[in-house]
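Student: I would like a close look at a single part of this model, namely its salt bridges. Please set them in the context of the fold.

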Amino acid sequence: MHFADFHRRSIAEPESFWAEQARLIDWHKPFEKVCDYSRPPFVHWFVGGQTNLCHNAVDRHLKTQPDANALIWVSTEVDKEIVYSFRDLHAEVQRMAAILLELGVGQGDRVLIYMPMIAEACFAMLACARIGAIHSVVFGGFASHSLASRIDNARPKVIVSADAGSRGGKSVPYKGLLDEAIQLAQHKPAKVLMVDRGLAAFTPVAGRDEAYAALRAKHMDAQVPCTWVDSTHPSYTLYTSGTTGVPKGVQRDTGGYAVALASSMKHVFLGNAGEAYFSTSDIGWVVGHSYIIYGPLIAGMATIMYEGLPIRPDAGIWWHLVEKYKVTSMFSAPTAVRVLKKQDPAFLKKHDLSSLRALFLAGEPLDEPTAQWIAEGLGRPIIDNYWQTETGWPILALCNGIESQPSKFGSPGKAVYGYDVRLVNENSGEEVTAPGEKGVVMVQGPLPPGCMQTVWGDDERFVKTYWTKAGDRWLYSTFDWGVRDADGYYFILGRTDDVINVAGHRLGTREIEESISSHPNIAEVAVVGVADQLKGQVAMAFAIPKDATGLDDPAARLKLEGDIMKVVDGQLGAVARPARVLFVTALPKTRSGKLLRRALQAVAEGRDPGDLTTIEDPSALQQVKDLVAAK
């Protein structure tokens, strides 16, 4: 079959197309209608059908391969490796589900998961899906203020956490940050379930904190059946940064998500039941949800959940795991490859990688030198793909499971089936069709199965943030610029908004600005994303001190910069820490007071800032130029 025909049919005949894809999962009750788009831009998929994510990821495989590997947990941090079969995973998930039920969690209740990359985090996610609860995983790298805002938005009945994670062999305590976040939050969870790894001492809060080990021992023989939920029932919320300070809770359904993942594992990621899949992401991000936990397990594959660095104990650790578990598909990020690029290339040739069909990369633009280096080093196909927290699975990729297509370095590929991708001129709103012409990457509604339903608790924000009405059509914006070549391959050029991409992690500049502004000596601040060879982008802050006395001394500037970074670390986590904080007396603005962000970013990257006819004070930008030149 030609992919072009496959894609065309997905757009022209969505009802029959998605009904076919829906056969890839189990349904407790058949759906009555494939697609309800009666209230655009909102769409409901597989209406009337009932299913369960945990059943599709675990239970259904007990009939055909109960003793096959399901979850392979590897930690080079604590030097442990545990393999769970589907039978083992089924038992552990039921134990966790029984614990959550005992703690008062029911269908539709929220459970916030704030955990390191440990097997219990997987059990918690699947247990929530099993009983119809809605999980909200918060990345363990986020600190108390970020966590508190997510607690208040999700309003969880229970929080599942651990004493600590580990990075580079050093304990990273979680419990203190969690306690502080609960103190800061307006909403107080009824219970906190604690997994004690023995990595950090902590004091349980009486009446609130429960020990996972003790409750697990109590429920060793638990039998918790799957709760069948409507296809449109929310499976989880996952927070993503935006242009405003309040993160958006991306709400995902159940049936559409299961179908999208099952089809993408087959058509995009080339995975088959009984094989092994390795994604190097974190469960705190969307890749971890879709392609560590749910996608591979739904496909009947073993999934490797890895806690550790790509270079510890040595730069061959990932390839060792590929060889050991005969991994067929692997998913990582360009930043990780750039880290490996600094190591001895001999590690790429040290292990037998013959099982590996392809290495998939996503999360940030993949530059050509990085792609060529890893392709030559591994001798395996390198396949880029592009998507978002909001979509849950790729928008642009090569669907080699349908038809083998050549990769083009620097391109994430073509529009994936189900996505009616358009390039739109930012100023005129007209569609761009000529090859090489720049436009905003948009998707004509309805969004395919698996994409976000809405913003949690805020339908109005969902419409206002993402959608534009063009006649009788609705267009979803990715907020990324792109171009398309004559062969239909897309190239992503960068963001149209104030979100930056640091090593594949999306960060809102407004959140970082608010954190820096909380320092008592900061009057005003602007944060922009600046190109970085290793991480793709880094945050750079330009701040106006309230009192600049003594700041002409380099040591004093350095101390203030360090103090500000500590504030960001404490409130948002190290992931949001700016690479530099440079001090200025004024920020470049228009005469109407609007901050010239793009000019600021251009100067920080050593580029021409473009048209500055509206600037109020040209010396403000010159000051930034001088600082950037001197750093």
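Tutor: The account below begins with the salt bridges and then turns to the fold around them.

The model is a predicted one. By the distance rule applied here, the count of salt bridges comes to 31. Side chains of opposite charge can pair when their charged atoms come close.

A suitable starting point is the pair formed by Lys 175 and Asp 179, whose side chains meet in a salt bridge with 2.9 Å from N to O. Both residues belong to helix H7, which covers residues 175-184, and they are four residues apart, about one turn of the helix. The two partners fall into separate classes of accessibility. Lys 175 has a relative accessible area of 3% and is therefore buried, since buried means under 20%. Asp 179, at 23% relative accessibility, counts as partly exposed.

A second pair joins Glu 431 and Arg 422, where the N to O distance is 3.0 Å. Here Arg 422 counts as buried because its relative accessibility is 16%, whereas Glu 431, with a relative accessible area of 35%, is partly exposed. As for links between bridges, shared partners join Lys 175, Asp 179, Arg 208 and Asp 209 into one network of salt bridges.

In a third pair, Glu 13 forms a salt bridge with Arg 9, and the closest N and O atoms are 3.5 Å apart. Glu 13 is partly exposed, with a relative accessible area of 41%. Arg 9 is also partly exposed, at 24%.

The context is a protein of 631 residues, of which 59% count as buried. Its radius of gyration is 24 Å, which agrees with the value near 25 Å for a compact globule with that number of residues. The C-alpha trace spans about 70 × 60 × 55 Å along the principal axes. The exposed area is about 24,100 Å², and carbon and sulfur atoms supply 51% of it. Among contacts between residues at least 6 apart in sequence, 70% join residues at least 24 apart.

The protein contains 18 helices and 33 strands. Seven of the strands make an open sheet in the order S5-S4-S17-S16-S18-S19-S20, with mixed pairing. Its edge strands are S5 (80-85) and S20 (382-384), each of which pairs on one side only. Within this sheet, S4 (residues 69-75) and S17 (residues 302-307) pair in the parallel sense over five bridges, and Ile 72 stands opposite Ile 304 in S17. Elsewhere, S1 and S2 form a hairpin with two residues between them.

How values were computed
Residues numbered from 1 in each chain as written. Predicted model: local features only at pLDDT ≥ 70, side-chain atom pairs only at ≥ 80, totals over all residues. Heavy atoms only, no water. Pairing = 2+ DSSP bridges. Rg over C-alpha atoms; globule rule 2.2 N^0.38 Å. Buried < 20%, exposed > 50% of the residue type's maximum accessible area, 1.4 Å probe, protein only. Contact = heavy atoms within 4.5 Å. Areas by Shrake-Rupley, 256 points an atom, 1.4 Å probe, with all protein chains shown as cover. Salt bridge = Lys/Arg side-chain N within 4 Å of Asp/Glu carboxyl O.
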